[in-house]
Amino acid sequence: MALTESVEVDKVEIVGPFKAVQVRTATVIYKDDVEISRGFHRHVISAGDDYSNETEEVQAICAAVHTQEVIDAKEENDAANAPQE
Amino acid sequence: MSKIALNSNASGSGVFTIESPNSDTDRTLNLPDKAGTVQVGEGIDDNATSTAITISSAEDVGIGATPNNYSDYVTLTLDGTQGGAIDIEKDGTVQAELWTYRNSADVALAAAHASGSIRLMAGGFTERARVTSNGITFNGDTAAANALDDYEEGSFTPTYSPAANSFGSISYSVQSGYYVKIGNMVHFSARISLSGFSVGSAGSNYLLVSGLPYTAHNSAYSSVYVGYSYYFNTRWPTGGELGRGTNYSYLYAPNSTSDSSSVICSYVVGNGTHLYVSGSYYTF
């Protein structure tokens with residue numbers, strides 16, 4: 001019996017007007033090459049976030065959708081929706 | 001002794017022939033004691049090369065296999081190298097299929113047409129659920145907006161971040177976050193505990209709980225609930241508000257001088273701070 005683990009980005013979604021990149025990472029456990037478990041971990045890369053530690057595929061997506069125009073629009077949105085003390 | 005009658009058809013011109021087989025063994029054709037029509041060359045035909053269909057004495061039917069027999073059940077057994085499949089056609093076009101999914105332990109049921117759905121009925125023929133291209137609908141509702149199209153559960157890593165500038169340093173003893181997404185609604189719970197912290201230039205900039213698993217819809221207002229906060233400086237958060245179009249939450253604490261609460265700043269966090277927070281929010 002051999003247990004092995006695979007960690008891979010299995011879903012990338014681009015959502016909303018500010019092109020948030022939602023990344024799902026799947027951790028899959030195999031027993032003798034048959035999948036017995038799959039768990040998910042998520043994180044979001046918003047326009048303006050540093051994505052240099054992401055996979056090459058995710059970096060390419062962020063570079064394509066997080067244009068300066070989108071980053072500026074996201075900053076405006078965040079400032080407009082921030083609580084007013 | 002019974003009688004045998006052979007009657008020719010008054011309008012037909014073809015010759016009806018009874019021919020003996022090429023055999024040295026006597027053969028007998030027994031007819032049932034009832035009226036009916038014998039059809040040969042239509043219906044079941046295995047061409048004598050293999051057993052295409054087997055009908056057992058228990059009236060179970062096997063195609064490509066000896067039929068299984070389960071007590072008090074009539075069984076149809078299909079067996080091929082990839083399993084079995086049932087195709088239901090209408091005028092030569094496949095409408096529905098039930099089959100063993102290739103190279104897996106799964107079974108598939110499909111409405112083949114691009115706009116087809118699968119209806120599940122109970123209590124007679126009352127529709128209770130329908131699998132459509134938009135998701136699962138209930139009780140005959142066909143609105144796409146009401147279709148349940150997603151369910152997912154998993155984990156995320158909650159963090160603190162300042163709305164502007166940066167902390168001097170931050171280290172965590174616990175970063176635990178779990179979520180369930182049902183349709184467009186995300187439900188989460190999280191704990192953040194710090195083992196080291198210096199506020200740096202973040203100072204009076206708002207404190208954010210970041211790293212939430214999905215981006216909040218930018219047209220929906222959502223709040224979070226703090227069940228436990230410990231070792232904050234001067235103000236203790238009791239709730240918060242998700243930034244619309246973001247995946248972080250501001251934290252709020254009651255004001256001591258008015259009947260309201262207000263957002264807290266980064267300087268209230270300290271080494272040893274604990275925060276238990278949960279909430280629900282609408283996403284895309």
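Chain B brings 25 residues to its contact with chain A, and chain A brings 20 residues. The model is predicted. About 1,800 Å² is buried between the two chains. Carbon and sulfur atoms give 45% of that area. Three residues of chain B stand out: Glu152(B), Arg244(B) and Phe284(B). Together they supply 22% of the area that chain B buries against chain A, more than any other three residues.

**Polar links**

The interface of chain B and chain A holds two salt bridges. One pairs the side chains of Arg24(A) and Glu152(B), at 2.9 Å from N to O. Glu152(B) is thus named twice here: in this salt bridge and among the three residues that supply 22% of chain B's buried area. Twelve residue pairs are in polar contact across the interface, both residues at pLDDT 80 or more.

**The side of chain B**

Three strands of chain B, β10, β17 and β18, each supply at least two residues of the side that touches chain A. β10(B) gives the most, with five residues. By class, that side of chain B divides as follows.

| Class | Residues on the side of chain B that touches chain A |
|---|---|
| Nonpolar | eleven residues |
| Polar | ten residues |
| Charged | four residues |

**Strand to strand**

Which strand of chain A pairs with β10(B)? Strand β3 of chain A, residues 34-45, does so. The two run in the parallel sense, and their pairing spans two bridges. Within β10(B), Ser155(B) stands opposite His41(A).

Note on methods:
Residues numbered from 1 in each chain as written. Chains lettered and ligands numbered in written order. Predicted model: local features only at pLDDT ≥ 70, side-chain atom pairs only at ≥ 80, totals over all residues. Heavy atoms only, no water. Contact = heavy atoms within 4.5 Å. Buried area = accessible area lost by both parts, 1.4 Å probe. Salt bridge = Lys/Arg side-chain N within 4 Å of Asp/Glu carboxyl O. Polar contact = N/O pair within 3.5 Å; in protein donor to acceptor, adjacent residues only side chain to side chain. Helix = DSSP H or I, 4+ residues; strand = E, 2+ residues; numbered from the N terminus. Nonpolar A, V, L, I, M, F, W, Y, C, P; charged D, E, K, R; others polar. Pairing = 2+ DSSP bridges.
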